[in-house]
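Colleague: I am new to this structure and would like a close look at its charged contacts. Please take me through them step by step.

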Amino acid sequence: MATIVDVTILGNRYKLKSSDNEAGQLEELAAQLDARMQETASHLKRVNPLNVSILTALQLAEELAKSHGEARSAYAKLQKQYNDELARLGRQHADELAKCRKELAEAGRQQEAELARCRKDMSDLEKRHAEEMAACRTAQEIEGRKHADELARLAAGQKDAMSQMNRQHDTLVNELRQKHSQEIAKVQQELSRMQQEHGRELSEMQQEHHQELSKLQQEHSQELSKLQQEQSQELSRMQQEQSRRYEALQAEHASLKKDYDELMELLEEA
């Protein structure tokens with residue numbers, strides 16, 4: 001419902017239409033305008049309502065332009081803070097990712113070094129086994145040559161002595177063969193045991209490495225998710241704060257524009 005409001009501006013009374021819920025606000029605005037125009041008139045030698053109105057309107061326009069400039073500056077500052085924070089979070093995320101990659105590469109190098117050590121141990125064991133086999137063959141050849149010389153020296157002797165020597169030679173050869181076979185079996189068992197042990201150690205190391213790698217990847221994923229969530233919350237909070245400030249500035253601008261429009265209507269009516 002429209003209400004008639006009596007206001008006094010620069011000594012002149014005006015009747016203005018307003019809704020019931022805005023009557024008090026209109027009276028307050030009229031009082032503020034009257035105070036501004038009274039202040040402007042106090043600086044003039046000759047009080048001309050038109051001149052006072054124009055000067056007051058210019059002052060209000062200047063203040064409105066200044067408010068717009070401050071609003072734009074505040075918005076630019078908020079935008080710069082938002083961009084700086086976004087860049088900082090991006091750098092932090094890149095550093096964390098590079099660190100995780102470096103740790104994974106270091107773990108891979110350690111695994112490769114351990115595998116190389118195991119291969120070297122296997123190679124050394126095979127080399128020692130080959131040397132022991134060669135020594136056994138050499139000893140067997142030397143022993144065979146000795147027996148051959150002994151047989152050649154006793155060839156001119158009696159047949160019974162030769163037969164006995166042959167039996168003794170055969171017995172010694174069999175013993176040497178059995179001993180050699182036992183030694184080879186022991187060496188092969190030891191080699192098999194060491195291969196199984198190295199296989200188990202290698203399997204355990206690979207399993208531990210995979211578990212550690214999976215743990216690092218999981219921790220990195222959780223940290224990355226946490227960083228992204230914090231970044232999203234911070235961006236949302238900054239956008240909400242920016243939106244509230246912008247809405248406040250728009251409301252203030254609308255209020256000043258409304259005051260200015262009402263002032264121009266009053267001037268036109270005057």
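Colleague: How many salt bridges does a search of the whole structure find?

Modeller: The model is a predicted one, and a search of the whole of it finds 12 salt bridges. Among them is the pairing of K15 with D6, whose side chains meet at 3.0 Å, N to O. K15 counts as exposed because its relative accessibility is 61%, and exposed means over 50%, whereas D6, with a relative accessible area of 41%, is partly exposed. This pair also belongs to a wider arrangement, since D6, R13 and K15 are linked in a network of salt bridges.

In helix α3, which covers residues 159-269, E241 takes part in a salt bridge with R244, where the side chains meet at 2.4 Å, N to O, and also in one with R245, at 3.2 Å, N to O. R244 lies 3 residues from E241 in the helix, so the two are separated by about one helical turn; R245 lies 4 residues from E241 and is likewise separated from E241 by about one helical turn. These three residues are each partly exposed: E241 has a relative accessibility of 24%, R244 has 46%, and R245 has 42%.

Helix α3 also has a part in the nonpolar interior, as one of the elements that give two or more residues to the largest nonpolar core, a core of 16 residues in which V7, I9, L10, L16, L33 and M37 have the most contacts.

Definitions and conventions. Residues numbered from 1 in each chain as written. Predicted model: local features only at pLDDT ≥ 70, side-chain atom pairs only at ≥ 80, totals over all residues. Heavy atoms only, no water. Core = buried A, V, L, I, M, F, W, Y, C linked by side-chain atoms within 4.5 Å. Buried < 20%, exposed > 50% of the residue type's maximum accessible area, 1.4 Å probe, protein only. Salt bridge = Lys/Arg side-chain N within 4 Å of Asp/Glu carboxyl O.
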